[in-house]
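Here is a short set of exercises to work through with the model open beside you. Try each task before reading its solution.

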Amino acid sequence: MRYILFKGDDGMTTWYLKSNKIFDSVTATTYAGVLTITGERITAIERTSTPILATDTPVVDYGDQLVLPGFIDAHQHIYLSALVHAQVLHYVSGVTPADV
């Protein structure tokens with residue numbers, strides 16, 4: 001994976017992450033949008049699948065890959081129902097792996 005970064009006038013590195021499935025932990029849903037990350041913090045969130053950015057703005061486009069912003073603890077229990085609703089995770093049933 002290639003990350004596209006650039007330094008702002010203040011010397012901070014800024015990058016943009018675009019995804020059709022950004023997880024919102026407050027509403028337990030996903031949305032299409034762009035996250036602006038400056039330094040080590042999310043500094044802006046734009047909830048749209050067609051962001052208005054300058055033509056030379058570097059964007060890392062994750063397409064339909066799920067983005068989980070704000071993780072500071074690798075051991076988190078996320079809302080499974082939101083992931084199922086977003087069709088990122090699917091319920092599987094069966095008695096044995098062969099049945100699945």
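Two strands count as paired if DSSP finds at least two bridges between them. Keep in mind that the model is predicted.

**Exercise 1. Take stock of the fold.**
Find how many helices and strands the protein chain has, and in what order the elements run.

*Solution.*
- Step 1: Counting elements gives one helix and six strands.
- Step 2: Reading from the N terminus, the order is β-β-β-β-β-β-α.
- Step 3: Turn to burial: of the 100 residues in the protein chain, 24% are buried.
- Step 4: For the surface, the protein chain exposes about 7400 Å², and carbon and sulfur atoms supply 54% of that area.
- Step 5: For contacts between residues at least 6 apart in sequence, 46% join residues at least 24 apart.

**Exercise 2. Map the partners of S2.**
Work out which strands pair with S2, and in which sense each pair runs.

*Solution.*
- Step 1: Locate S2 at residues 13-24; nine of its 12 residues are buried.
- Step 2: Strand S3, residues 29-38, pairs with S2 in the antiparallel sense over nine bridges. Within this pair, Phe23 stands opposite Thr30 of S3.
- Step 3: Strand S5, residues 59-61, runs parallel to S2 and is joined to it by three bridges. Here Lys18 has Asp61 as its bridge partner.
- Step 4: Strand S6, residues 66-67, also runs parallel to S2, with two bridges joining them. Ile22 has Val67 as its bridge partner in S6. Two bridges are enough for a pair, because the cut-off is at least two.

**Exercise 3. Examine the turn.**
Decide what is notable about the backbone of Ala28.

*Solution.*
- Step 1: Place the residue: Ala28 lies in the loop between S2 and S3. These two strands form a hairpin with four residues between them.
- Step 2: Check the torsion: phi of Ala28 is near 55°, a positive value in a residue other than glycine.
- Step 3: Compare with the general rule: most residues other than glycine have a negative phi.
- Step 4: Is Ala28 buried, partly exposed or exposed? Its relative accessibility is 22%, so Ala28 counts as partly exposed. The cut-off for buried is under 20%.

**Exercise 4. Assemble the core.**
List the residues of the largest nonpolar core and find which elements give two or more of them.

*Solution.*
- Step 1: The core has nine residues: Trp15, Leu17, Ile22, Tyr31, Leu35, Ile37, Val60, Tyr62 and Val67.
- Step 2: The elements that give two or more residues to this core are S2 and S3.
- Step 3: A general tendency is worth recalling: in soluble globular proteins, nonpolar side chains tend to be buried together.

**Exercise 5. Look around Tyr31.**
Describe the surroundings of Tyr31, starting from its burial.

*Solution.*
- Step 1: Tyr31 is in strand S3. Its relative accessible area is 11%, so Tyr31 is buried.
- Step 2: Leaving aside neighbours within four places in sequence, Tyr31 contacts Ser19, Asn20, Lys21, Ile22, Asp24, Ile45 and Arg47.
- Step 3: Take one of these, Ser19: the two residues are 12 apart in sequence, and their C-alpha atoms are 8.2 Å apart.
- Step 4: Look at the ring. The charged end of Arg47 sits over the ring of Tyr31, 3.8 Å from the ring centre.
- Step 5: Finish with ring pairs: with centres required to lie within 6.5 Å, the count of aromatic pairs is zero.

Notes: Residues are numbered from 1 along each chain as its sequence is written. This is a predicted model: local features need pLDDT of at least 70, side-chain atom pairs count only at pLDDT 80 or more; totals for chains, interfaces and linings use all residues. Side-chain values use heavy atoms; hydrogens and water are left out. Buried means under 20% relative accessible area, exposed over 50%, partly exposed in between (1.4 Å probe, protein chains only). A nonpolar core is a set of buried Ala, Val, Leu, Ile, Met, Phe, Trp, Tyr and Cys residues joined through side-chain atoms within 4.5 Å. Contact means heavy atoms within 4.5 Å. Accessible areas come from the Shrake-Rupley method with a 1.4 Å probe; for residues, only the protein chains shown count as cover. Rings of Phe, Tyr and Trp (its six-membered ring) pair if their centres lie within 6.5 Å; planes under 30 degrees apart count as stacked, over 60 as edge-to-face and the rest as tilted. A charge sits over a ring if NZ of Lys or CZ of Arg is within 6 Å of the ring centre and within 35 degrees of the ring normal.
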